[in-house]
Amino acid sequence: MERVLEGRCALVTGSTSGIGLGIALLYAQAGARVMLNGFGRPQDIARARAEVGAAQGGGEAPYSDADIADPAAVRRMVAEAEATLGRVDILVNNAGIQHVSPVEEFPEAKWDAILAVNLSSNFHAIKAALPGMKARNWGRIVNIASAHGLVASPYKTAYVAAKHGVVGLTKAVALEVARTPITCNAICPGFVRTPLAEAQVKPLAEKHGVSEEAALTDYLLEKQPSKRWVEVEEVARMALYLCGPDSGAVNGAALSIDGGWLAA
Ligand code: NAD
């Protein structure tokens, strides 16, 4: 593959699994040195570090165990990435959590946690990484929002509020850096095939007494007109485009990758 990120250094939050791991892997294959972050079983984290490390040419990819719900930990993670990689040219704010419940029963602690992880961490990481990008006169900030950053679904108040916040944060930062070679964009995926998302199909089939295929198209992907998953690799390629040589004029955008969800 073309090494369009040769010489670049990237920090990808929540990259021990799912979309973040896919982005970290593709960035490494494109020539970047990448620092990983996220939770998980030690063996899964070790496998992710080895996989991304191999794509970087060998060894283990650097990793931060920062809990990004904690602003001080986010600041330490960015400082650690700058020290380990030499700099942070690319920041991908990807880590995210979800909780589904009617608003009047929504646990307050879940609201606080979702806002902290899905929104406030993006602010703290951008605030910490931007001075270095400005000093080097180049940078890319990619925030993984969601179709739920642009439209709502019931029972996901905290997630929808946080992801709408991410889109707003993206636009405001984009305007602040608009006269520099730094960009800040959001990616808004529909349902992406990750192990966690896929695990929802079987219980849905059992709950509604339908086949797993019908549970996928009629219930899980109800709002996704393509009736197919978005693949992790498709999101990763959009995230690569935003850091590559052809996207300098794309700034403040909320790019949908959702099989037509937002068109409906
Ligand atoms: P995932 O659960 O597979 O990965 C989430 C990652 O975030 C993991 O590495 C996890 O360890 C990490 N993480 C969670 N809390 C953290 C914390 N406090 N500190 C540090 N790391 C933490 O999820 P995913 O589906 O790959 O989602 C990644 C992003 O994409 C999220 O922001 C999610 O909202 C967004 N998204 C996902 C989908 C989808 O269908 N999968 C759709 C739209 C948007």
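This is a short tour of the two domains, the boundary they share and two cysteines. The model is predicted.

**Stop 1: the domains.** Colour residues 9-192 and 231-257 as domain 1, then 193-229 as domain 2; these bounds come from the domain assignment. Place a marker at each C-alpha centre: the two lie 26 Å apart.

**Stop 2: the boundary.** Select the residues in contact across the two domains. Domain 1 contributes 11 residues and domain 2 contributes 9. Together the domains bury about 820 Å². Carbon and sulfur atoms account for 43% of that area. Now show F191, V192 and E231 as sticks. These three supply 68% of the area that domain 1 buries against domain 2, more than any other three residues.

**Stop 3: polar links.** Between domain 1 and domain 2 there are 2 salt bridges. Zoom in on R228 and E234, whose side chains form a salt bridge with an N to O distance of 3.0 Å. Across the two domains, 5 residue pairs are in polar contact, both partners at pLDDT 80 or more. Next, highlight α1 (18-29) and α9 (232-241). These are the elements that give two or more residues to the side of domain 1 that touches domain 2.

**Stop 4: the cysteines.** Select C184 and C243. How many disulfides are there? The count is 0. C184 is in no disulfide, and its nearest cysteine sulfur is that of C243, 11 Å away. Why does C243 not bond? Its closest cysteine sulfur, in C184, is 11 Å off, which is too far for a bond; the cut-off is 2.5 Å. Are these two side chains buried or exposed? C184 counts as buried because its relative accessibility is 0%. C243 also counts as buried, at 1%.

Technical notes
Residues numbered from 1 in each chain as written. Predicted model: local features only at pLDDT ≥ 70, side-chain atom pairs only at ≥ 80, totals over all residues. Heavy atoms only, no water. Buried < 20%, exposed > 50% of the residue type's maximum accessible area, 1.4 Å probe, protein only. Domains from an automatic or database assignment. Contact = heavy atoms within 4.5 Å. Buried area = accessible area lost by both parts, 1.4 Å probe. Salt bridge = Lys/Arg side-chain N within 4 Å of Asp/Glu carboxyl O. Polar contact = N/O pair within 3.5 Å; in protein donor to acceptor, adjacent residues only side chain to side chain. Helix = DSSP H or I, 4+ residues; strand = E, 2+ residues; numbered from the N terminus.
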